[in-house]
Amino acid sequence: MCSPQLPSTLCGEGLGVRYYLCRMDAKKVRVRFAPSPTGGLHLGGVRTVLFNYLFAKHFGGDFILRIEDTDQTRFVEGAEEYIFNCLEWCGLVPDESAVHGGPYGPYRQSERKPLYLEYAEQLVKQGHAYYAFDTPQELEEMRTKFKTKENPSPQYNHELRGYMRNALTLGEAEVAALLATGTPYVIRIKMPEHEEIRFTDMIRGEVSFDSSLSDDKVLLKADGMPTYHLAVVIDDYLMKITHAFRGEEWLPSAPAHVLLWKYLFGLENMPQWAHLPLILKPEGNGKLSKRDGDRLGFPVFAMDWTDPRTGEAATGFKERGFLPEAFINMLAALGWNDGTAQEIFTLDELVEKFSMDRVHKGGAKFDFEKAKWFNQEWIKRLPVTHYAAKVKGMFAEKGIAIEDDAKFYTVLEMVKERCILLPDFVQQASFFFLAPVEIDTNSIKPKWTAQKNQFFIELIRAYELIPYWQHDDLEKEFKEMAAAHQIKPGDLLLPLRIMLVGGKFGPGVFDIATIIGKEDTLARIKHTLGLLEA
RNA sequence: GGAGCGUUGGUAAAGCGGUUAAUACACCUCCCUUUCACGGAGGAAUCACGGGUUCGAUUCCCGUACGCUCUACCA
């Protein structure tokens with residue numbers, strides 16, 4: 001029996017023999033993600049990448065990234081590089097791609113253009129496709145002419161193609177003449193009538209369609225570029241893709257793809273399909289879009305993206321302060337689980353445990369609160385050194401230069417469980433390095449008394465003389481003095497906290513005092529005492 | 001309009017013929033902490049509806065409803 005790792009060339013066609021024991025599923029797993037470089041990389045896109053990656057790596061296979069840039073009108077400068085950057089940040093690096101190279105290139109469809117015509121013409125010869133000369137205007141006319149209440153969107157299908165200007169209605173001579181004079185044309189698939197097309201989806205099981213209900217999709221466009229429908233089949237074949245995952249929105253066009261496989265390469269060579277559930281808007285209905293993010297205040301793209309044409313900008317999960325570990329984990333949990341109560345997974349664990357049959361069928365509404373929880377968990381779990389540099393940069397932006405790394409790490413460690421997103425560290429920890437500008441004296445004033453004022457004046461004196469500036473001594477001194485003044489320590493702790501921190505938050509007060517040191521502690525107490533007098 | 005896919009607490013979801021229907025997020029209450037957070041305890045679902053099949057259905061089958069996707073020379 002061939003092992004799954006055995007090179008596919010040894011499994012049959014390479015030796016010119018079809019080995020009985022070497023079936024399709026014994027071939028090396030090869031999956032692909034095929035984005036079109038038209039804008040920011042959406043949450044759903046990253047999740048598709050993730051599932052591809054996890055599946056491939058689980059079986060020791062390859063993850064290929066192919067650029068679907070067949071629509072020249074939608075080319076966006078920088079989008080391709082951006083996609084690679086996102087994958088890099090997520091840690092989902094392709095084995096083969098336009099930048100990583102590989103034996104099945106080129107990995108950009110625009111660079112494979114001549115290939116597609118060949119196959120399209122083969123289909124024409126086989127009678128499974130035909131030339132069509134209808135202009136965009138004529139198509140538009142057809143749609144309005146045949147539009148009825150019952151049929152609001154007429155299709156270019158077996159019923160209507162007889163009314164159109166194509167090789168099926170024009171006659172051989174005329175077609176040849178049109179072709180000879182360079183008349184623009186497209187090649188359309190000729191969908192058969194009343195043929196049941198069925199295939200097994202890895203997530204949904206058996207799905208079937210009636211071929212009569214599908215339209216004669218354009219395979220090759222007038223500019224010579226293939227449409228997605230043709231390109232996906234040819235490239236998946238040529239790149240030896242064994243499993244093809246994509247969003248559920250592709251399900252309705254799957255029958256055309258299955259047919260193309262049947263006509264061109266044989267159903268036995270077709271990859272296993274899996275149509276992933278959609279990620280939906282948090283409230284209401286429909287696919288999650290960038291607009292929802294803007295409206296509800298959360299990111300939708302993996303990383304910041306600015307459209308070079310419109311200048312429109314969108315923030316990404318990365319820039320919002322997500323750790324890649326959390327982002328990936330959250331995405332995996334959106335539609336997949338391992339059947340246990342475990343929710344936090346490393347990439348390695350995901351690779352080990354992932355399986356397609358545990359992917360949920362229904363679409364999931366995106367919950368930003370849950371996404372934040374994953375990030376908080378990862379902040380708590382990871383050593384602070386893992387993200388200290390990033391946080392340091394955020395401090396620098398606020399004008400706080402960190403010089404003492406050891407102190408910085410202790411501080412981060414001390415406040416990490418209070419941080420949900422990376423920028424929270426700035427709020428939670430900057431007072432360790434810079435005296436607070438805003439002091440919430442309103443939280444002190446209502447219960448402020450002359451006795452308390454006196455207490456702090458004496459506390460300053462006592463602290464000035466304290467031999468060892470350390471947590472336990474500071475606390476002991478504080479409590480003894482409170483007792484001497486007959487004030488409950490609790491009534492004094494909050495004021496002290498506000499003096500040191502500026503507000504009602506942060507770790508233990510004496511921990512803070514210990515770290516910021518005698519000089520700063522006393523200065524901050526004095527400063528606030530001054531404010532309270534005024 | 002048509003086709004396909006889907007439907008378990010507010011959200012994500014486990015369950016794969018017999019369970020007190022897990023768990024997590026969010027929310028509320030309480031404990032811990034004289035801050036905030038962490039941590040701990042508790043609180044919510046007659047599994048969309050109607051028929052079957054079965055001794056027994058959240059689980060299997062068929063309808064209905066609802067939702068989503070697609071219905072471009074875009075992917």
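Biologist: What makes strand β3 (residues 129–132) covered on both faces?

Modeller: Bear in mind that this model is predicted. In β3, Ala129 and Tyr131 lie on one side, Tyr130 and Ala132 on the other, and all of them are buried. Buried is the word for a relative accessible area under 20%, so both faces of the strand count as covered.

Biologist: How do you know that β3 and strand β4 (residues 186–189) pair?

Modeller: The test asks for at least two bridges between two strands. β3 and β4 have 4 bridges, so they pair, and they do so in the antiparallel sense. Within this pairing, Ala132 stands opposite Val186 of β4.

Biologist: Let's turn to the cysteines. Why is Cys90 called buried?

Modeller: Its relative accessible area is 5%, and the cut-off is under 20%, so the name fits. Cys419 has a value of 0%, so Cys419 is buried too.

Biologist: And how do you know that Cys90 is too far from the closest cysteine sulfur for a bond?

Modeller: That closest sulfur belongs to Cys86, and it is 6.6 Å from the sulfur of Cys90. A disulfide needs the two sulfur atoms within 2.5 Å, so this pair does not qualify. The structure as a whole holds 0 disulfides.

Biologist: Where is Phe433 found, and what is it in contact with beyond its sequence neighbours?

Modeller: Phe433 sits in the loop between α16 (424–429) and α17 (450–465). Leaving aside neighbours within four places in sequence, its contacts include Phe395, Ile400 and Ile402. The C-alpha atoms of Phe433 and Ile402 are 8.0 Å apart, with the two residues 31 residues apart along the chain.

Conventions. Residues are numbered from 1 along each chain as its sequence is written. Chains are lettered from A and ligands numbered from 1 in the order in which they are written. This is a predicted model: local features need pLDDT of at least 70, side-chain atom pairs count only at pLDDT 80 or more; totals for chains, interfaces and linings use all residues. Side-chain values use heavy atoms; hydrogens and water are left out. Buried means under 20% relative accessible area, exposed over 50%, partly exposed in between (1.4 Å probe, protein chains only). Helices (H or I, at least four residues) and strands (E, at least two) are DSSP runs, numbered from the N terminus. Contact means heavy atoms within 4.5 Å.
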